[in-house]
Amino acid sequence: MTTVDPVLEAIDPEQRVSTPDPVPRRRNEVLYFAFRNRKLVIGLSVVGLMLVLAIVGPWLTSAGPFEFGYPTGEPPSRAHWLGTTASGQDVFTQFVHGLRASFLVGALGGCVAALIGMAIGFTAGYRGGAVDELLSMLTNVVLVIPTLAVLIIVAAYLTVRGLVAEALLIGATSWPWAARAIRAQTFSLASRDFVSLARLSGARPTQVVVREIAPNMSSYLFLTFILLFGGAILTAATLDFLGLGPSNAMSLGLMLNTAVVSSALQLGMWWWFIPPGLAITAIVGGLYVTNVGLDEVFNPKLRET
Amino acid sequence: MSLAVDNLRVHYRTLRGDVKALDGVSFTVADGEIMGLAGESGCGKTTLGKSLIRLDGRMRHVEGSVVLDGTELPIADDRAMNRYRFREVSLIPQYAMSALNPTRKIGKLIGELLAARGESYDDRFPELTRRLSLVGLDEDVLERFPIELSGGMKQRVVMVLSTLLDPSLLIADELTSALDVSTQKAVAELLVEFRDREFVRSTIVITHDLAVLYQVADTILVMYAGKLVEKASAEEITTSPVHPYTQLLIASMPEVGTRFADERRTGIPGRPPSLLRPPTGCRFRARCPLAFSKCAEEPPFVEVAPRRYAACWKAAA
Amino acid sequence: MLRLQDVTKVYKAGTFGRTHVPAVTEVSFDIAPGEVVSLIGESGSGKTTVGRMILGLTRPSAGAITCDGVDVASLQGRALRRYYGAVQGVFQDPFSSYNPVFRVDRVFHMVRRPFLPELDDTEWRDRLRRSLEAVGLEPDDVLGKYPHQLSGGQLQRLLIARALMLDLRFLVADEIISMLDASTRIDVLNLLGDLRSRGLGVLFVTHDLALGNYISDRTIILWRGRVVEVGATPKVFGDPRHPYTRMLLSSVPQLSAKWETSTVEPLEAGTELAGPLQPIDDDHAVAAWGSR
């Protein structure tokens with residue numbers, strides 16, 4: 001006989017909720033806990049605010065981010081909400097365009113990494129054996145490679161760098177930990193009887209993974225994507241800060257780069273470097289906090305009842 | 001040693017209200033008695049076992065008392081119970097053998113447990129080795145890790161460990177369920193031996209397996225939906241049960257030798273009631289073939305014959 | 001109908017698979033159509049592995065499992081699907097057999113397209129209703145619910161109903177009632193017995209001798225991956241020859257007799273327990289044993 005939790009056994013079967021679910025049982029239960037979870041609400045609000053700014057912001061500005069001609073080094077005023085840079089560009093315009101670029105890179109890079117991670121993780125976890133050994137070796141190799149160094153070198157060699165190229169590069173190097181995590185989960189799920197039952201119903205391996213295993217991990221996959229999204233934004237900001245970002249687009253890291261190069265810190269031009277830095281911190285931090293909150297929502301055992 | 005439980009009520013707190021897992025239970029265990037506590041899942045037997053030694057975070061002691069050797073156990077007070085645990089009352093929880101820390105050698109594990117109780121490992125060492133050899137384990141088992149031992153060996157280590165300080169009362173929860181049939185017999189017989197050698201005074205054996213209880217227990221107490229249903233000697237319960245639930249339960253168990261074609265057994269239709277909002281009256285009423293009008297009133301757990309107790313209007317009649 | 005010949009399964013463990021763990025060694029037996037056979041063994045006996053090999057979920061390392069002469073391990077694609085239309089399995093943990101994300105109806109839908117595409121909706125519903133009736137369930141009680149809303153007994157019966165939707169010839173029941181309460185166990189077991197009268201063959205894998213004896217025509221006793229005794233159930237249980245079988249029977253706790261009253265000679269250390277099978281009569285064979 002299995003261990004019997006007296007509480008679960010005794011509760012009226014209609015209302016019984018099992019312990020750790022990878023996926024919530026009823027929509028309204030998830031929403032109920034979601035809205036009560038402080039971390040989730042705060043995290044999402046912060047990220048949401050930045051997202052709104054990123055979408056709406058560029059419409060509020062008439063000029064382009066690289067446009068010159070404004071008074072140089074001006075603090076925030078009604079004409080320039082976040083002031084101007086040392087070379088006479090509007091900081092606010094740069095800021096909102098940079099925000100947009102960050103979100104785009106994050107989403108695209110995160111997606112690419114998630115897809116690769118899932119493909120490799122599911123295959124290695126489900127198939128096992130030689131295939132798993134091979135894929136694990138590949139994962140470990142890519143994991144161990146100093147990503148930033150590689151990205152720097154690759155970026156340095158590319159003469160023209162676009163936003164998409166940066167996102168793809170980041171995606172191609174940040175998938176290993178996701179692949180490992182997914183592989184581990186797949187291993188444990190693949191030994192469950194409902195997978196055997198699916199096989200007995202004639203399902204092919206891809207069908208089994210997509211229809212049986214992935215839905216059971218959906219909350220986990222979601223959380224993984226959020227982390228990859230945040231990580232991609234951070235890596236992109238780092239690259240941009242080093243001057244290896246897209247050569248044709250404004251980004252928050254590039255703003256910081258230019259600010260440092262122009263000695264904004266020494267000159268006290270706080271309006272130039274604080275907004276981008278704060279924005280990156282807020283978005284990535286907000287995403288991580290959301291992640292923790294979501295984890296609590298999905299896993300009943302972590303909830304603080 | 002003697003144990004007297006009087007009207008014990010223990011509820012579980014949940015978001016939807018109190019689950020009345022143990023709802024007014026009274027019984028006694030005499031010195032040297034091995035009492036079996038039987039019932040199906042959700043009947044409250046594990047809750048009863050746990051509440052005699054430690055209420056976990058969700059449990060709430062609502063009413064009732066537990067008196068061990070004349071002193072009332074402060075079961076609601078976790079810290080006050082510390083004095084009694086392991087020395088007076090000891091528990092072998094369900095799946096204890098899986099709960100052994102895989103990174104500790106057995107000897108170290110025992111040492112840490114003794115130190116936590118203020119006992120010296122070295123002082124107890126000779127007795128420990130003596131008991132280990134009694135259960136058929138070599139002294140070098142102390143130098144091994146749990147993963148190196150088989151299920152039966154681990155269960156025996158746990159038994160020796162739990163009884164090292166000679167407790168008055170030992171509570172064994174599903175001791176033999178996860179074991180093979182051959183080891184089951186050895187471990188169950190050890191329970192009797194421990195009592196005979198006075199390592200423990202009395203034992204409460206909690207299990208769903210009535211057949212094992214028949215082999216080793218002196219008396220059997222049957223529970224259903226948080227209430228006591230019948231208590232009698234092991235022989236009487238199995239040969240002439242009086243409560244309909246016990247009768248149906250025993251009738252549903254095929255013996256080795258019963259064949260489907262010759263002698264078909266039947267189960268009990270329906271399911272146990274929800275303990276969140278338990279029904280009034282006898283809790284077995286909905287599934288009982290003998291139910292009649294008086295069953296709407298809850299039958300008390302009374303003595304229906306010398307040292308035989310049952311909670312049924314038909315049995316009391 | 002089903003024949004196992006010297007089936008062996010060796011698992012590779014350790015780095016680069018250097019350690020070999022034999023789970024099943026040279027197991028051979030036959031199952032006739034419409035026969036209920038219990039495969040009895042303790043943990044580590046390899047009984048679940050045998051069940052899985054018969055179901056094609058694992059491949060034997062050596063030996064062959066044939067169904068009407070066709071090697072099961074060689075089946076793929078459409079042929080494998082056809083095999084599953086005749087041979088199905090039900091497993092031990094009812095809650096693990098259902099994908100917790102979906103409703104229980106899904107296990108039925110999963111077999112519709114691959115196996116019964118020609119049925120239209122009315123025929124499908126009709127067949128579903130009849131399967132549920134055959135296992136003693138009311139459609140309204142169980143359809144549309146999530147697994148955690150039903151009891152273990154209902155879930156197991158649903159799985160049997162699912163298997164019955166197909167023109168099943170053989171069912172592998174792997175410890176299907178060990179996780180159920182005593183009062184529901186017997187009902188599911190009786191159900192298997194009733195199905196046998198419809199011509200369904202069953203391999204009842206279990207560690208519980210009483211249940212194996214209750215329901216089967218023939219019994220196979222496994223020990224550490226080897227067959228030690230096989231034959232008609234009354235003969236194996238009534239006249240056990242092998243020391244392991246006798247030890248098992250004497251260790252089973254019974255409600256009618258105490259342990260002290262049963263006698264069995266203890267196994268001597270160093271006894272080799274499983275040599276080749278030697279027939280005692282036409283329906284009872286025992287593995288040879290003796291001191292090393």
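How many helices and strands does chain B have?

**View 1. The fold of chain B in this predicted model.** Chain B has 10 helices and 12 strands, which are DSSP runs (H or I, at least four residues, for helices; E, at least two, for strands). Its radius of gyration is 20 Å, close to the 20 Å from the globule rule for 317 residues, so chain B is as compact as a globular protein of that length. Here the radius is taken over C-alpha atoms, and the rule is 2.2 Å times the number of residues to the power 0.38. Along the principal axes, the C-alpha atoms fill a box of roughly 65 × 50 × 40 Å.

**View 2. Cysteines without a disulfide.** Over all chains, the structure holds zero disulfides (a disulfide is a pair of cysteine sulfur atoms within 2.5 Å). For B:C295, the closest cysteine sulfur belongs to B:C282 and lies 5.8 Å away, too far for a bond. B:C295 is buried at 9% relative accessibility, where buried means under 20% relative accessible area (1.4 Å probe, protein chains only). In chain C, C:C67 is also buried, at 12%.

**View 3. Inside chain B.** Of its 317 residues, 54% count as buried. Among contacts (heavy atoms within 4.5 Å) with a separation of 6 or more, 64% join residues 24 or more positions apart.

A note on reading these views: residues are numbered from 1 along each chain as its sequence is written, and chains are lettered from A in the order in which they are written. Local features need pLDDT of at least 70 and side-chain atom pairs pLDDT 80 or more, while totals for chains use all residues, and side-chain values use heavy atoms, leaving out hydrogens and water.

How values were computed: Buried means under 20% relative accessible area, exposed over 50%, partly exposed in between (1.4 Å probe, protein chains only).
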